[in-house]
Amino acid sequence: MREIEVIIDTDEIAEFFFQELLKRGYIPSEDEVDDLADITFDYLLEKCIIDEEISEE
């Protein structure tokens, strides 16, 4: 299987959840969508869909 590099941005995930929840009639707080983004990231890690790399910036 070929390996590809994927960058997961939790801010981007949070914005996606915010927009999708608005479309469905929900008005989430910033903290709520941040929590959803973090949970989504943790889920992807747990399912081994992604690996976390800590950058040394």
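Patches are made of residues with over 30% relative accessible area and no salt bridge, and like charges are joined within 9 Å. Asp and Glu count as negative. With these two ideas in hand, the predicted model can be read from its charged surface inwards to its rings.

A negative surface patch is formed by eight residues named here in order along the chain: E30, D31, E32, D35, D38, D42, E46 and E52. One of these, E30, belongs to helix 2. E30 has a relative accessible area of 62% and is therefore exposed, since the cut-off for that word is over 50%.

Charged side chains also come together in pairs of opposite sign. Across the whole structure, a search finds two salt bridges. In one of them, the side chain of K23 meets that of E20, with 3.1 Å from N to O. Both K23 and E20 sit in helix 1, which spans residues 10-23. They are three residues apart, about one turn of the helix. In the other salt bridge, the side chains of R24 and E20 meet at 2.8 Å, again from N to O. E20 thus takes part in a network of salt bridges that links E20, K23 and R24. As for the surroundings of the two positive partners, K23 is exposed, with a relative accessible area of 64%. R24 is exposed too, at 56%.

Attention now turns to the aromatic rings. The structure holds one aromatic pair. The rings of F16 and F17 have their planes at 70 degrees and their centres 6.3 Å apart, so the pair is edge-to-face. The reasoning rests on the angle, because planes over 60 degrees apart count as edge-to-face. How exposed is each partner of the pair? F16 is exposed, with a relative accessible area of 51%, whereas F17 is partly exposed, with a relative accessible area of 24%. The cut-offs explain the two labels: exposed means over 50%, buried means under 20%, and partly exposed lies in between.

A final detail concerns the backbone at C48. Phi of C48 is near 60 degrees, which is a positive value in a residue other than glycine. C48 is found in the segment after helix 2, a helix that covers residues 30-46. Is C48 buried or exposed? With a relative accessible area of 65%, C48 is exposed.

Methods. Residues are numbered from 1 along each chain as its sequence is written. This is a predicted model: local features need pLDDT of at least 70, side-chain atom pairs count only at pLDDT 80 or more; totals for chains, interfaces and linings use all residues. Side-chain values use heavy atoms; hydrogens and water are left out. Helices (H or I, at least four residues) and strands (E, at least two) are DSSP runs, numbered from the N terminus. Buried means under 20% relative accessible area, exposed over 50%, partly exposed in between (1.4 Å probe, protein chains only). Patches are made of residues with over 30% relative accessible area and no salt bridge: like charges are joined within 9 Å, nonpolar side chains (Val, Leu, Ile, Met, Phe, Trp, Tyr) within 5 Å. Accessible areas come from the Shrake-Rupley method with a 1.4 Å probe; for residues, only the protein chains shown count as cover. A salt bridge is a side-chain nitrogen of Lys or Arg within 4 Å of a carboxyl oxygen of Asp or Glu. The place of a charge is taken as NZ of Lys, CZ of Arg, CG of Asp or CD of Glu. Rings of Phe, Tyr and Trp (its six-membered ring) pair if their centres lie within 6.5 Å; planes under 30 degrees apart count as stacked, over 60 as edge-to-face and the rest as tilted.
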